[in-house]
Amino acid sequence: MKVYLDNSATTAVDTDVINEMLPLFSLFYGNASSFHSYGRQAKKILEDSRQKTASFIKADADEIIFTGCGTEADNIALFGALDAIGSKGRIITTKIEHHAVLHSFKRLENLGYEAVYLNADKNGVISLDELKNSITDNTLLVSIMHANNEMGAIEPIKEAAQIISEINKTRKEKIVFHMDAVQTAGKIPIDVKDLGIDLLAMSAHKFNGPKGIGALYVKSGTKISPVMFGGHHENNLRPGTENVPYIAGLAKALEVNINNIDENYKSAALLKDKLQSGILKSIPDISINGDSKTNLPYILNAGFNYIEGEALLLKLDMAGIAVSTGSACASGSSEPSHVLSAMGIDPVSAQGAIRFSFNHCNTEKEIDYVLEVLPKIVEELRKMSPLKKV
Ligand SMILES: Cc1ncc(COP(=O)(O)O)c(C=O)c1O
């Protein structure tokens, strides 16, 4: 049996999405900037997709910029907003961000910005008091992810936005608030106006759309400069001929997922519960990383003590089960994940962390299979493990 439980890394493209995209490669292939009928047709598909994408996050169409991926949307948001401000100062993010944001912050530090990285508690949630206390007169931008990609903690975005908005009332230069929604778009409802954010990044391949296409929401009135230069595409913010088939695919994938958002959420919650209670019952010495009751139902992160996550991943792969580890492999040596470290998870448990991530395509039968195979593999690995309990 083949079981794909790595849906936070990427998802299968939905059949309706493929059908939406296919004619755009071979029949309606015009350049959306061309004036002839082919171009006008492509332009209409582009603008319909923009309208659709906007409506699913309660934005206006002219607030959506299509980008090459989630990473690019994050980069345009951060570098573009800071460039438009034009002065150096403090920028704030969290220790548990995806590298798309964290490595951008490292670069910004090199460029002379003062970066502050907020802590996360044992469940991976930031402290609003720490955020409030970190904001100084020279703070320019705050970037907080909507939900974490390793263990699914949902961050208090609306409350953070309220703190920022209160402070902004007294300031001439407003603090810009960016949210990385790559793990939540299409999975939980998003209302950008209600959340109170200025910028939002999403990526189609995380919600059953194609890889290599993302979108950036830029709240009307937010100052932002381009970070790449070329034509006047995408409101002068993202030059380059628009990838209309993929853009239409992104909009369709969002539509398909949002039309089924409650069912998908419930089905993921059921599978996660089943897997979690199954492994807790059948495997000793494991811990669940994060608060699985309050975090996204799409992710379960479990720490298997005394074994290496990589070894477990490989054994599961041999049994046809695809998952991911909680650690980043750097030059052959595995280091505990920066997210789990920030949550204070002890390194022994973090080394054996595995992320199972779900999609509505998964079934209970698949979870039964994982529960049949996993305990045996864990036992086998523990027998050989130099890390095992003595
Ligand atoms: C939270 C988060 N942000 C950004 C990204 C990057 O998205 P993309 O793969 O589209 O560049 C990912 C991908 O895993 C992610 O999980």
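Okay, one definition before we start: when I say two strands pair, I mean that DSSP finds at least two bridges between them. And please keep in mind that this is a predicted model.

With that in hand, let's look at the seven-stranded sheet. It's an open sheet with mixed pairing, and the order goes β2-β8-β7-β6-β5-β3-β4. Which strands sit at the edges? Those are β2 and β4, and each of them pairs on one side only. On average, neighbouring strands here are turned by 20° against each other, if you ignore direction.

Let's walk across it from the β2 end. β2 covers residues 64-67, and it runs antiparallel to β8, with four bridges joining the two. If you want a spot to look at, find F66, which stands opposite A215 in β8.

While we're in β8, stop at Y217, which is found in that strand. Is Y217 buried or exposed? It has 28 C-beta neighbours inside 10 Å, and the cut-off for buried is 20 or more, so Y217 counts as buried. And who does it touch? Leaving out residues up to four places away in sequence, Y217 touches I57, A59, E63, I64, V192, L199 and L200. Also, Y217 and H178 are 39 residues apart along the chain, and their C-alpha atoms are separated by 9.4 Å.

Next along is β7, residues 199-203. It's joined to β8 by five bridges, and those two run antiparallel. L199 in β7 is across from V218 in β8. On the other side, β6, which is residues 176-180, runs parallel to β7 with three bridges between them. There, H178 stands opposite L199. So how covered is β7? Mostly covered: five of its five residues are buried. In general, side chains in a regular strand alternate between the two faces of the sheet. In β7, L199, A201 and S203 point one way, while L200 and M202 point the other way, and all are buried.

Now hop over to β3, residues 90-94. Four of its five residues are buried, so the rest of the structure largely encloses this strand. β3 pairs with β5, residues 139-145, in the parallel sense over three bridges, and I92 has V142 as its bridge partner in β5. β3 also pairs with β4, residues 114-118, again in the parallel sense, this time over five bridges. I91 is the residue to find there, since it stands opposite A115 in β4.

How does the chain get from β3 to β4? Through helix α4, residues 99-110, and the three pieces make a right-handed β-α-β unit.

That helix has a companion, α3. For two packed helices, people quote the angle between the axes and the distance between them. Here, α3, residues 70-85, and α4 have axes that come within 9 Å and cross at roughly 30°. The crossing is right-handed. On the α3 side you've got G70, T71, D74, N75, L78, F79 and L82, and they meet A100, V101, S104 and L108 in α4. By type, the residues of that contact divide into six nonpolar, four polar and one charged.

On to the other sheet. This one is open too, with four strands in the order β9-β10-β15-β12 and antiparallel pairing. At its edges are β9, 286-288, and β12, 324-325, each with a single partner strand, so each has one side left without a neighbour in the sheet. β12 pairs with β15, residues 353-357, over two bridges in the antiparallel sense. S324 stands opposite R355 there. And helix α10, residues 261-282, lies across β9, β10 and β15, running at about 10° to β10.

Last thing: two loop residues. K58 isn't a glycine, but it has a positive phi of about 60°. You'll find K58 in the loop between α2 and β2. N208 isn't a glycine either, and its phi is positive too, at about 65°. N208 sits in the loop between β7 and β8. Where they part ways is burial: K58 has 14 C-beta neighbours inside 10 Å, so it counts as partly exposed, whereas N208 has 26, so N208 counts as buried.

Key: Residues are numbered from 1 along each chain as its sequence is written. This is a predicted model: local features need pLDDT of at least 70, side-chain atom pairs count only at pLDDT 80 or more; totals for chains, interfaces and linings use all residues. A residue is buried if 20 or more other C-beta atoms lie within 10 Å of its own, exposed if 12 or fewer, and partly exposed in between; C-beta atoms are placed from the backbone. A crossover is right-handed if, with the strands pointing away from the viewer, the path from the first strand over the helix to the second runs clockwise. Axes are lines fitted to C-alpha atoms, for helices over the stretch in contact, and angles run from 0 to 180 degrees between N-to-C directions. A crossing is left-handed if the near helix is turned anticlockwise from the far one by less than a right angle, and right-handed if clockwise. Two residues are in contact if their C-beta atoms, placed from the backbone, lie within 7 Å. Ala, Val, Leu, Ile, Met, Phe, Trp, Tyr, Cys and Pro count as nonpolar, Asp, Glu, Lys and Arg as charged, and the others, Gly among them, as polar.
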